[in-house]
Amino acid sequence: MSTNDNGETKITRERLVELLNEDLAGEYQAIIAYVVYSQVLKGAPYMGIAKELEVHAAEELSHAIKIAKQIDYLGGMPAVTPKPVKTSKEATEMLRADLQNERETVGRYRERIRQAEALGEFALSEVLRGIIAQEQEHEIDLSTALNIEVPPPIEPKKEPRGEKPAAARR
Ligand SMILES: [Fe+2]
Ligand SMILES: [Fe+2]
């Protein structure tokens, strides 16, 4: 981690790869959640959204492939472990869990796009912009099914700021 003239943390390629691997673990989680929830959601009011969740599952798989491709391009090794998936028998609880994850995902990708651009990785930024547009669609679908307004994205925890690079500390 290095700092710019304002003493703010500047992203490195290595850190970007680490963060993209966390994003990839989130995409795996989303695939699993949508595969399972689309099949176990029961009840007439949820038949429409259950079908929609099958579509989400396929879109999350395409996100995972795109992120893995970018990690490989940046010289990293794509992660193989999903973030934990919440299980429930309650339809609204499943939809809320999905929505919570989507909000975190949108927050993470907003940050990732800024970081990609800071490093001049414009193709990565382009790929992430395509993905974030679909994640926002997912938020709308889930919020509609829950009969609520789309809540704001959840901001990721801030990177430590003002930390001096190791070489400059001595
Ligand atoms: Fe996704
Ligand atoms: Fe999504």
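Trainee: How far apart are the end C-alpha atoms of H2, and what should its 27 residues span?

Mentor: The end C-alpha atoms of H2 are 40 Å apart, and at 1.5 Å a residue the 27 residues should span 39 Å, which agrees. The expected span is 1.5 Å times one less than the number of residues. This is a predicted model, where local features need pLDDT of at least 70, side-chain atom pairs count only at pLDDT 80 or more, and totals for chains, interfaces and linings use all residues. Residues are numbered from 1 along each chain as its sequence is written, while chains are lettered from A and ligands numbered from 1 in the order in which they are written.

Trainee: Cool, and what about H4?

Mentor: H4 has 25 residues that should span 36 Å at 1.5 Å a residue, and its end C-alpha atoms are 36 Å apart, so that agrees.

Trainee: How many helices and strands are there in the chain?

Mentor: The chain has five helices and two strands, arranged along the sequence as β-β-α-α-α-α-α. Helices (H or I, at least four residues) and strands (E, at least two) are DSSP runs, numbered from the N terminus.

Trainee: Back to H2: which of its residues are buried?

Mentor: Among them are Ile49, Leu53, His56, Glu60 and His63. Buried means 20 or more other C-beta atoms within 10 Å of the residue's own, exposed means 12 or fewer, and partly exposed is in between; C-beta atoms are placed from the backbone.

Trainee: And what do those buried residues pack against?

Mentor: They pack against H1 and H4. Contact here means C-beta atoms, placed from the backbone, within 7 Å. On H4, the buried residues include Leu124, Leu128 and Ile131, and what covers the buried residues of H4 includes H2 and helix H3 (91–118).

Trainee: At what angle do the axes of H1 and H2 cross?

Mentor: The axes of H1 (residues 13–40) and H2 (residues 47–73) cross at roughly 160° and come within 8 Å. That makes H1 roughly antiparallel to H2, a label for angles over 145 degrees, with under 35 roughly parallel, 65 to 115 roughly perpendicular and the rest oblique.

Trainee: New topic: where does Asn147 lie?

Mentor: Asn147 lies in the loop between helix H4 (122–146) and helix H5 (166–169). Its phi is positive, about 60°, although Asn147 is not a glycine. Most residues other than glycine have a negative phi.

Trainee: Why does Asn147 count as exposed or buried?

Mentor: Asn147 counts as exposed because it has 8 C-beta neighbours inside 10 Å.

Trainee: How much of the whole chain is buried?

Mentor: Buried residues make up 29% of the 170 residues.

Note on methods
Axes fitted to C-alpha atoms, helices over the stretch in contact; angles between N-to-C directions. Contact = placed C-beta atoms within 7 Å.
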